[in-house]
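Reader: I am in my first year and would like a close look at one part of this structure. Could you take me through the helical part towards the end of the long chain, and then show me how a few residues elsewhere are placed?

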Amino acid sequence: MRITERRQRGRSKKKPKETRTVRVHTGHEHNPNRHYANNRIKTTKYTVLSFLPKNLFEQFHRFANVYFVFIALLNFVPVVNAFQPELALAPVVFILSVTAIKDLWEDYRRHRSDTEINHMDCLVYSRAERRYVERFWKEVQVGDFIRLRCNEILPADVLLLSSSDPDRLCHLETATLDGETNLKQRQVVRSFFDLDCEFDPLKFNGIIECEKPNNDLNRFRGYILHRSGSRDALYKDNLLLRGCTVRNTEEAVGIVIYAGHETKAMLNNNGPRYKRSKLERQMNVHVFWCVVILLLMCLFAAIGHGLWVFQYGDKRPVFDVLSPEGAELSPVVAAVYLFLTLIIVFQVLIPISLFVSIEIVKVCQVFFIHQDQDLYDEDSDSRLQCRALNITEDLGQTQYVFSDKTGTLTENKMVFRRCTVAGVEYSHDANARRLALYQEVDSEEEEVPPPGGSLRRDSSSSQQSSRVVLRSLSTKTHRRTGSRADAKRASILSKHTAFSSPMEKDVTPDPQLLDKVNECGGQMDFMRFHGQPVSQLPSDLADIMDFFMALTVCNTVVVSSPNQPRQKVRMRLESKSPVKTIEDFIKRFTPSRLTSGSSSSSSSSLATSRSSNRGCSGLLSSPSAESTLAKLQEEQAALGSAPPRYDGTPRSPEDGELRYEAESPDEAALVYAARAYKCSLVGRLPDQVTVELPHLGKLSFELLHTLGFDSTRKRMSVVVRHPLTDQITVYTKGADSVIMDLIKPPDTGRRQKKLVLRTQNYLNLYAADGLRTLCIAKKVLSKEQYACWLQRHLEAETAIQGREELLFDSALRLETNLQLLGATGIEDRLQDGVPETIASLRQAGLQIWVLTGDKQETAVNVAYACKLLDPEEEILTLNADSHVSVYPPSSSSPHSAAFTVHRLGLVIDGRTLAYALDQSLEDRFLAVARSCRSVLCCRSTPLQKSTVVKLVRNKLKVMTLAIGDGANDVSMIQVADVGVGISGQEGMQAVMASDFALPRFRYLQKLLLVHGHWSYSRLANMILFFFYKNAMFVALVFWYQFYCGFSGSAMIDQWYLIFFNLMFSAFPQLVTGTLDKDVSAETLQQLPQLYMSGQNSEEYKPYMFWMNMIDAFYQSLVCFFIPYFAYADSDVDVFTWGTPITTLALLTILVHLGIETRTWTWMNCLSISFSVSLFFTVSLCYNASCPSCFSPSNPYWSMQRLLQDPLFYLLCVLTPVAALLPRYFYRACQGTLFPSPVQVGRQLDKLPSETRRNILNLGGVEAGSAVRPVPHFLSLGTPSPEGPDENHQRAGLHAVDATEKDTLPYTKDAAKLPPEPRPRPPGDAEPRPPGDDEPRPPGDDEPRPPGDDEPRPPGDDEPRPPGDDEPRPPGDDEPRPPGDDEPRPPGDDEPRPPGDDEPRPPGDDEPRPPGDDEPWPPGDDEPRPPGDDEPRPPGDDEPRPPGDDEPRPPGDDEPRPPGDDEPRPPGDDERPHETSEALKTSAMSASSRAASSPRPPSQAASVQLPLPPDGDAQRVRYCRNSDHAVRPAARTQTDAVL
Amino acid sequence: MMASSYNAKEEDGHHSGASNNGGAGVVKSKKPDNTAFKQQRLPAWQPILTAGTVLPAFFVIGLIFIPIGIGLYVTSNNIKEYEIDYTGADINDACYNCAKNFSWNSTTPCLCSVPFTLEQPFESNVFMYYGLSNFYQNHRRYVKSRDDSQLNGDRSALKNPSKECEPYRTSEGKPIAPCGAIANSLFNDTLELYHIDSNGTRNAIPLVKKGIAWWTDKHVKFRNPGGNSNLTVAFQDTSKPVNWRKPVFDLDPSDPENNGFINEDFIVWMRTAALPTFRKLYRIIQKKPSTTPTLPSGKYVLEITYNYPVRSFDGRKRMILSTISWMGGKNPFLGIAYITVGSICFFLGVVLLIIHHKYDTRNNSADIPS
């Protein structure tokens, strides 16, 4: 793949032209487009001829291969050769050929699929035959006309010129490209739009100019140059991409623009990713050390040889053979030659098979991970995918998890929960109840045999089921049949319908609102009937109407009918295209028509809509029936027997089952919600939206423009012509933060002002409930305004350069001065098992950061819900407005260390994040963030997400894992060491970018804790073993040098020497490396703490490498010298002596492996016996095969003789025992005296399951509560994380971990060996009294003692005078860089909802007694006397370590230099005496709170504080966490708890 | 179809075969098979190495090894061995003169005799070795310097020896047979053993020179070119090794079965020793059918034809007489090693026992979570 891309790049370089020109190719003449790639695809890397050189070339990119080839070639030099040259090549050739065969096989598979694809058929226009003829895909060329039929796959990127669809549309399914299952619409190029007759390729005479092939799926720009000279712009909406499927369109014709490899699909087609894992990086260091050892050994022996030669002087002994040339070698030359020879002989030290073995093991691991049933999601029939093959072990070493929220932690199934319209809140209680039911039913998860009968699931059945549940009458099966199983089935049924889970579909309307809607509909009907202008509708009713209109219209939802999900519901009332040109506009909006035709046109359209009743029930369109229905429902609701349903009466199936296919789940949820109020979307065309209203029947809105959603604007708008008022109306829907800023200035009217205020209140409330909030607004444009805007918009649309920017600006121009209609709260339910997963991941020592684009309150609440934030935690909220304000510029202060100790949660918003990520501050940010238990970044952009990940990864030198599901997580996923994609609702981009793709978040637990741990531990052990094995084997030869005059002679036969690694000892360790389980999966999941062994790299520490090396040298000494002495001064010959040594080494190595093997299965036994028998078989055969070959060893019949020699057997028994005695003894002692947690886990495995469960349950309880005292030195000393001492840092990390871990009584770092100097005294491991390890007295976990909050005057917040920030020195503003405000939307300051100001002006902290809001750690309070807060001097309030403060006198803080505590708690900065530092620290507000998990709704009331309306924009804004406002409430609750 | 093939390409790797989603058209659950192997639930034995579990192994090893060691030691001690250094390095030595004056170029053999006394009679077969010290027969270039094909009787190799034999490949334009440094440095001292009666007469002890080489060497690996008859013809046009006095077909003229390449002394020499101090079997003194010991105790004389110079590399030459047991020659090492290892095991076992009793209480699980 990479090659392909390179080629592409190379090709594009050749052509200097910036665009591509496509001329028609009709088969006659010379193809004018012949220099463009044709449609034949070739994804293979090699051809028959190029395979060998190319593959070798690629393989030689790996340094090891080059090294081994070099050594093998060295053998061909006679002076230095050690082995038979051909033989020496064998292992390298073997390794290379294994890889080559693998590559070849893969390439062959690619070739086969290429051929298959290349030979697919399509219809290509042939000018010769004047018709479309069948051709293979590969014959398609750029410029060809292609006719596409329904359900055909596009062979190339095609410009749509004609479609059989009356709207000139072509529907596409793009699942293969982006995984999104909804239909996309593509439009015929505009100039061909009005073509009535069938498109005739012969008449096409334009030249298409478009951009060069690129891989951006969402971009295509160009124009058609007609012969007439007119230009026609082309958009991405005109391009059909290769690989997509044509749906719902009988026939379409297009011209090929990009073919083959230049199609966007192919350019996007990247191969699997290759990353280096941490373990491999670590290993490479040790490979390097092996090289050093090798060189040292060679050097040593070479010098020895030089001396040896030298000692004989001129008297040449008979055995010192001259060089082949007959020349006498001087000692120095001999030494140099010998050096080279020894490099060959000792080459085994660099494990040639290591890399191959690692690859094999990883592939096996991937296989097993793939096969795990626990990672299989039945609902979606998908399982984990490993897309990166070589970083499985990184899963076991992850330290930081960065998670997206939406779709990752949550289901991304949006459920409409509540809304507020015109300042009135509709709580939708019944809806909440219904959802609770879902949850309840969800929770009892049992497999249900799918009930027979109708598979059709409609809402009435679900309603019935929920009613049944309410009454608790049903049998279990019945109930489950009703909802869960049904829902499941429905989801399977509607698999290709995006975002329409039953939960989303069923919305129970709020009776009050429903009433109003009915009333409104009735009134409108009445008014229309009486010819009154609709604008006379009471404003609140009008708002309600508009609100639902907006919900229905302002989206991109496609309506389809369920029977044929891909069949677009067509309800065309009048055919009009969107406004595309000025002329069109003028034509359509001429005053005459507007004035005179308005009523008639609208009424006529209504009339048609009424008459065309297709697809909707007559019942609903009749107002009388409607009202009776409403009454019925009310009665039902009053009875309480069942939540009212919008369709309490049976509806005609067609209508009830209109399906909505939305690009985002929110949209679908809103549309379904609107439908519940009978404001249902029944049809959508590019130029028209049809809405069915309760009394009015079908209304069709003329859709003038759709300004799509983008993440910068955070809103979308539609411009429609309202059929009733005939006004041009803009409906905007978007994030509340942006919409609120765009609301018309409040001076326009009290009502609006109040509305905004109220809505904001409700929004905060929603957010506090963890709902996603959206604001709905509208704007009515006058014709002139519209015309004015339209002109520039059209300019923008037709621009070729910078079109995106222009369109963006154009959208900005339109979306101003909006009128707020209301807001919605949508719930995004947590996925199953998320809190549990997070809890256990955290227990496993993983730092979890959530990076979300959601607003702060929503994010915080979801964070609470999923146990990311703990009510017991102090929350540190960073909301700052400027650079300087984030941190005081003063450099590192020792006191920052104090932060570590608490359980802190950090919440930071996007804007602050932007400052915090600045170079100058990132260290500090990290220092703070690292000391927090959890970090929540809200409102972060994709770029920020990836920056955060990168920052943490690079600065803290930790392993990071990013998990996300959407396109906005892609960059983060790519940056992280391990990227995990959730194959959820939002398409496949995240999955495509990921290393692992999971169906659900909760699978992360098993993936990390079990598979990650196993992979890591297996691989780490295998690598260590490899090093040991090779060192041990080579050392044997090295010792021999002392007895052969350092001549480079080897007593081990060259065959054994060369193949030992490859054949005799490879298999068992592969098996162990693949199958060994240090702890069972159950225990690993139940004791997440065990994961820390991987995080701390405990299986493979540098000292372990050296210990293994030492052990290897010891063992080789034993294996060498026992035979040495046993055969000393005997008539044994070199190879008869070497063979037993080889055997002994093999046995020792295998037994060693046996000791290190934790789990013995028959595979292990088999592999070891296989290895031994293979060795004997091979050597027996080898020794019997040829009496005169294999010079120089010529081991003829040695093995046979050895087998008759009792001495041989005696050695075989003695040597391995002697060699492994120390290791075995050490292991036994370690297992007893200082077992690692992993070993304890293993012991747990041994226990009978029941006992184990009891113990683990006990342990689980402990895990939650036990908090260890953290030694001070472990806490964050230096805020700059790249401090010189990495160890220290690690220790710091541990410290943070330590608060969580260890229910086990053993230190995890149980010092095995000196470098880890933490040997616990054995006695320490004795069972501790329960609760011993908690530094805090029991009960201190409770939120906080009342004494903490007491001193605060109740209602503390209200009396604060407005504008009390004046006392601040004017100099306050200076640090703020001028122009800081620019990025904010204009008018940002003025239109701030004033209501917000009243309760809490900025700077409201002053009057409060200082020190009441420091982030006191929970455990901190006990020692303090209650009411301790008042007397404390200001400045006292950095969070201090628990227990730290008893001895401190209250006033002990004074000597501290001002400004030393970066993350100032709020309230800190306003204190008069600190004015000077307040300059620096002013805006930094870190607020603490006594969070109680079910937070009272009112507490969100004071979220982001607005700026005062004057020029105070410079002033730092106080975006504080809301808790101050709510303190009293929170306290009362706490009190209750206490 | 298309979709699946695209996906296959993207996933493209070893595993996609396993993931098995390529089979388009077949609606098949992707649910993995529930087999013990795939779910990694193979029945397994999980040994845990703690003092308690390992303890028995140490004792068992100790208990097995010590008796074996004692047995080996006793066996080794029962082996009789007598060794004479006849290098002549010391001025008092009988062969001093020979050693001093001798070099490879000397033509006349130098004779010397070393008297010695056996204190104890040697029962059963006695093996007579010559031993060399400081002779690096395992030197890399030395070990290589031979041509096995030639020694195997290959005629082409006879005429055109392997390059490995350089620089002892050709001499005077003719190929050397046997070529190479090993053959060239063939040990060529002649040792004869005489028993001196109580009455002073010297009785030559019959030394059997056959059966000292490996059977396979003698019969398979080494072969004369063109059979054993008429070696002179077979070896014509070849040259004798530089250091040799007589050509290869003249090594043992008395016995055509022991001449040429299949001369057993030659074969024994060609089996290069593993260590610089080594011995090579020279002759066998057969056990007499009578009950008298093979070598009764008493006075002996070793007559040496001193041909082999070792002074240039400070070598030593020895004659060794040894009986052998089932475990080979005299070597107390193995017995001692077994006893030592066994004792260490036993000792460590005791240590572990102590550890176990003192610390290994937490295996009783009750206190694990505390």
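Author: What follows begins with one annotated domain and its helices, and then turns to single residues and to the second chain.

Please keep in mind throughout that this is a predicted model. The part to look at closely is the stretch that UniProt, in an unreviewed entry, labels "domain: P-type ATPase C-terminal", at residues 991-1236 of chain A. Over these residues the chain is 73% helix and 1% strand, and the C-alpha atoms at the two ends lie 36 Å apart. As a background to this, chain A as a whole has 51 helices and 35 strands, and 64% of its 1538 residues are buried. If you take the contacts in chain A between residues at least 6 apart in sequence, 77% of them join residues at least 24 apart.

A good place to start is A:Arg1000, which is found in the loop between strand S35 (996-998) and helix H35 (1003-1041) of chain A. A:Arg1000 has a relative accessibility of 13% and therefore counts as buried, the cut-off being under 20%. Setting aside residues up to four places away in sequence, A:Arg1000 touches A:Asp377, A:Glu411, A:Gln831, A:Asp832 and A:Ile982.

From that loop the chain leads into H35(A), and the axis of H35(A) comes within 8 Å of the axis of helix H40 (residues 1102-1126) of chain A, the two crossing at roughly 40°. H35(A) and H40(A) are therefore oblique to each other, and their crossing is right-handed. On the side of H35(A), the residues that meet H40(A) include A:Leu1024, A:Phe1027, A:Tyr1028, A:Ala1031 and A:Trp1039, while among those in H40(A) are A:Met1104, A:Asn1108, A:Ala1112, A:Gln1115, A:Ser1116 and A:Phe1120. By class, this contact has 17 nonpolar, 3 polar and no charged residues. An α-helix has 3.6 residues a turn, so residues three or four places apart point the same way.

A second pair of helices can be set beside this one. The axes of helix H36 (residues 1054-1064) and helix H41 (residues 1134-1156) of chain A come within 12 Å and cross at roughly 25°. H36(A) and H41(A) are therefore roughly parallel to each other, since the angle is under 35 degrees, and H36(A) passes H41(A) in a right-handed crossing. The contact is made by A:Tyr1056, A:Phe1060 and A:Phe1064 from H36(A), together with A:Thr1139, A:Thr1142, A:Ala1145, A:Leu1146 and A:Ile1149 from H41(A). Sorted by class, these are 6 nonpolar, 2 polar and no charged residues.

Helix H37 (residues 1066-1075) of chain A brings several of these elements together. In this helix 9 of the 10 residues are buried, so H37(A) is largely enclosed by the rest of the structure. Among its buried residues are A:Ala1066, A:Pro1068, A:Gln1069, A:Gly1073 and A:Leu1075. What covers them includes H35, H36 and H41 of chain A, which you have already met, as well as helix H9 (352-371) and helix H42 (1162-1185) of chain A.

Outside this domain, two further residues of chain A deserve a look. UniProt, again in an unreviewed entry, places the feature "active site" at A:Asp404, whose place is in the loop between strand S17 (400-403) and strand S18 (410-421) of chain A. A:Asp404 counts as buried because its relative accessibility is 3%. Not counting residues up to four places away in sequence, A:Asp404 touches eight residues that can be found in the model, including A:Leu409, A:Lys945, A:Asp965, A:Asp969 and A:Met972.

The other residue is A:Val253, which lies in strand S13 (residues 251-258) of chain A and is buried, with a relative accessible area of 3%. A:Val253 and A:Leu159 are 94 residues apart in sequence, yet their C-alpha atoms are 8.4 Å apart in space. Beyond its neighbours within four places in sequence, the contacts of A:Val253 include A:Tyr132, A:Ile146, A:Leu159, A:Leu161 and A:Phe199.

Chain B, finally, has the feature "transmembrane region" at residues 48-74 and 333-355, according to an unreviewed UniProt entry. Residues 48-74 of chain B are 89% helix and 0% strand, with end C-alpha atoms 38 Å apart, whereas residues 333-355 of chain B are 100% helix and 0% strand, with end C-alpha atoms 32 Å apart.

Key. Residues are numbered from 1 along each chain as its sequence is written. Chains are lettered from A and ligands numbered from 1 in the order in which they are written. This is a predicted model: local features need pLDDT of at least 70, side-chain atom pairs count only at pLDDT 80 or more; totals for chains, interfaces and linings use all residues. Side-chain values use heavy atoms; hydrogens and water are left out. UniProt positions are given in the numbering used here, feature names are shortened, and annotations may be inferred rather than shown by experiment. Helices (H or I, at least four residues) and strands (E, at least two) are DSSP runs, numbered from the N terminus. Buried means under 20% relative accessible area, exposed over 50%, partly exposed in between (1.4 Å probe, protein chains only). Contact means heavy atoms within 4.5 Å. Axes are lines fitted to C-alpha atoms, for helices over the stretch in contact, and angles run from 0 to 180 degrees between N-to-C directions. Angles under 35 degrees count as roughly parallel, over 145 as roughly antiparallel, 65 to 115 as roughly perpendicular and the rest as oblique. A crossing is left-handed if the near helix is turned anticlockwise from the far one by less than a right angle, and right-handed if clockwise. Ala, Val, Leu, Ile, Met, Phe, Trp, Tyr, Cys and Pro count as nonpolar, Asp, Glu, Lys and Arg as charged, and the others, Gly among them, as polar.
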